[in-house]
Amino acid sequence: MAALAMLRTLRNRSFTSFSPLRLPIRSALSRFISTLVVAEHDGGSIKPSSLSAVEAAAAISRENSISVLLGGSGPDIGKAALQAASSHPLISQVLVADADIFLHPLAETWAELVHLVQQKGGYSHIITASNSFGKNILPRAAALLDVSPVTDITEISEPHLFVRPIYAGNALCTVRYVGKDPCMMTIRSPSFPMHSESAEPKSEAAPISQVDLSTFNEEFFGKSRWLKLASQDTERPDLGNARVVVTGGRGLKSAENFKLLEKLAEKLGAAVGATRAAVDAGFVPNDLQVGQTGKIVAPELYMAFGVSGAIQHLAGMRDSKVIVAINKDADAPIFQVADYGLVADLFDVIPELIEKLPEKK
Amino acid sequence: MKILVAVKRVIDYAVKVRVKPNKSGVETSNVKMSMNPFCEIALEEALRIRESGAAKEVVAVTVGPAQCADTLRTALAMGADRAVHVDAGAAPVLPLSVAKILRALVQVEQPGLLILGKQAIDDDCNQTGQMVAGLLKWPQGTFASKVVLDKEKQVATVEREVDGGLETLCLDLPAVITTDLRLNQPRYATLPNIMKAKSKVIKKVTPEELNVEIKSDLEVVQVTEPPKRKAGVIISSVDELIDKLKNEVVSCNILNCK
């Protein structure tokens, strides 16, 4: 720990008075990796997507010094901080921004918070998950810090070399970040699953400290007010990290029929997904949409019922381990990506599956 | 109030893109180009706001080489009052630089609202709107599925599509809004409007004239195809499906079989 502290002070000092022989050391030090993970919590529990962001930070370098930033107030934030402090061996610090203004994920407040924390901490990397929170705040924070962010990363090859999908995942782009610190990134959670050794609690919890908000200026965020979040109550697992997903498309024909799909989902312990067509038609709410501009999922089993397989939908599920498609139309493009395809009427298949599948223990 | 709408020229959404054999990028020659679908939605929303009487003028802007003027002609044909073409040369411009250009234009045009599509379907970045908002210190309503303007109070109530459902924010104007798919259905440009658009003004400007330095802190190393899935099988019954799934190592423990 002392060595790290010494390295950090050396890095922060000006090198103009040093002889040129010291320069190679400087370049090694200036690439000292330290990462800020901007995390989310829900009712005191760190969200799985944030834990994926920590895994991604670990993928940048095994010698990474990871700080986790949490915001909110009340007993929940304390609980979340304690959980974060023991959630991964590479986490060296948990930072808590304890104020009501961070209860809601407003981009204006959070981008300024990240800006403030970066000015104090001087991190080489800042990471968050590529979900609606991360996508909303990270680019704004990057603009404040005058750097180009790299978003929706699926692979970290080197500390500044990343792979991200383009053209709805029909091409993969390898990019190298050549700008100044911090390198700001959002990562696709399914691409950075939690490792089993990370799941074991650490022997020594990281220290938790409060972010000094005395300079936090209200003029930055008073112009935006959070009113409400309309979400549906469901017992189904979260679409973003479920092991099994059953998706309905336009072929389901009505909201009522989606209840049938839900019964199958219950049998399998699965999350329910939907195509854009099904959401547009009003069968299900928007947060079930899987696709290029909806949720990206990569479950172990993806079953698509009445889904034609448009490019934009495939973008959201093509990395699933096993894909099963049921569609009346033998020419539906979905059959080109499915591991198992069944050309049949989903209204016959779903009840039969519900009947014949083994009970979940 | 004036509304500024930023639009982008991209490969048409229905085209099956092909990666070039030399891995330098995607094939764009002889390929159909169109206005980014999210940008069409942004423009449509601006036009509806103007038609409701809450705004006087809709100005379309694009950043890109000469051919991008096509996209502005489409915008004018749909109903934009005037257009600005920022010619930044042939090389792609990163969102951060686009954001700086838009900030400079906002400072010239002084709009009450800047509307953009949430993402371009070529790079799928989903960054520009957020970045301009940060540079301008304006409030942002991203992934908007509904926008209601209160002209008197000068606020916009924005419903957004987020992971958990629909979130509602109230933003003081001027503000930045990025549009999601379900915000509206864009109109088609009618033939008479396409003809009228030919005589509408497109002002040409360069980044230098706007005092913006194009920065490039990201390099594209290569563009490759995604891994191909091995070919699947067509099965003939539910029984066969369950049987196949039971025998797959992966799904076996999902189905709780021995």
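C183(A) is buried in this predicted model, and its relative accessible area comes to 0%. C170(B) is likewise classed as buried, with a relative accessible area of 11%. With cysteines placed like this, one may wonder about disulfides, and a search of the whole structure returns zero of them over all chains. For C183(A), the geometry gives the reason: the closest cysteine sulfur belongs to C125(B) and lies 14 Å away, which is too far for a bond. The cut-off for a disulfide is a pair of cysteine sulfur atoms within 2.5 Å, and such a bond would be a covalent link between the two sulfur atoms.

Turning to the layout of chain A, the domain assignment yields domain 1, covering 32-210, and domain 2, covering 239-356. Taken over C-alpha atoms, the centres of domain 1 of chain A and domain 2 of chain A are 31 Å apart. Contact between these domains involves six residues of domain 1 of chain A and eight residues of domain 2 of chain A. Together, the two domains of chain A bury about 660 Å² between them, with 53% of that area coming from carbon and sulfur atoms. On the side of domain 1 of chain A, the residues that lose the most area to domain 2 of chain A are A168(A), R188(A) and P190(A), which together make up 63% of what that side buries.

What kinds of residue does domain 1 of chain A bring to its contact with domain 2 of chain A? By class, the touching side holds three nonpolar, two polar and one charged residues. Zero salt bridges are found across this interface between domain 1 of chain A and domain 2 of chain A, while the count of residue pairs in polar contact is one, both residues being at pLDDT 80 or more.

The interface between the chains comes next. Here 90 residues of chain A are in contact with 83 residues of chain B. The area buried between chain A and chain B is about 7400 Å², and carbon and sulfur atoms give 54% of it. How many salt bridges cross the interface of chain A and chain B? The rule finds seven. One salt bridge pairs K137(B) with E112(A), whose closest N and O atoms are 3.2 Å apart. Polar contacts also span the interface of chain A and chain B, with 47 residue pairs found, both partners being at pLDDT 80 or more.

Definitions and conventions. Residues are numbered from 1 along each chain as its sequence is written. Chains are lettered from A and ligands numbered from 1 in the order in which they are written. This is a predicted model: local features need pLDDT of at least 70, side-chain atom pairs count only at pLDDT 80 or more; totals for chains, interfaces and linings use all residues. Side-chain values use heavy atoms; hydrogens and water are left out. Buried means under 20% relative accessible area, exposed over 50%, partly exposed in between (1.4 Å probe, protein chains only). Domain bounds come from an automatic or database domain assignment. Contact means heavy atoms within 4.5 Å. Buried area is the accessible area (1.4 Å probe) that two parts lose on being put together, summed over both. A salt bridge is a side-chain nitrogen of Lys or Arg within 4 Å of a carboxyl oxygen of Asp or Glu. A polar contact is a pair of N or O atoms within 3.5 Å; within protein, one must be able to donate a hydrogen and the other to accept it, and residues adjacent in sequence count only if both atoms are side-chain atoms. Ala, Val, Leu, Ile, Met, Phe, Trp, Tyr, Cys and Pro count as nonpolar, Asp, Glu, Lys and Arg as charged, and the others, Gly among them, as polar.
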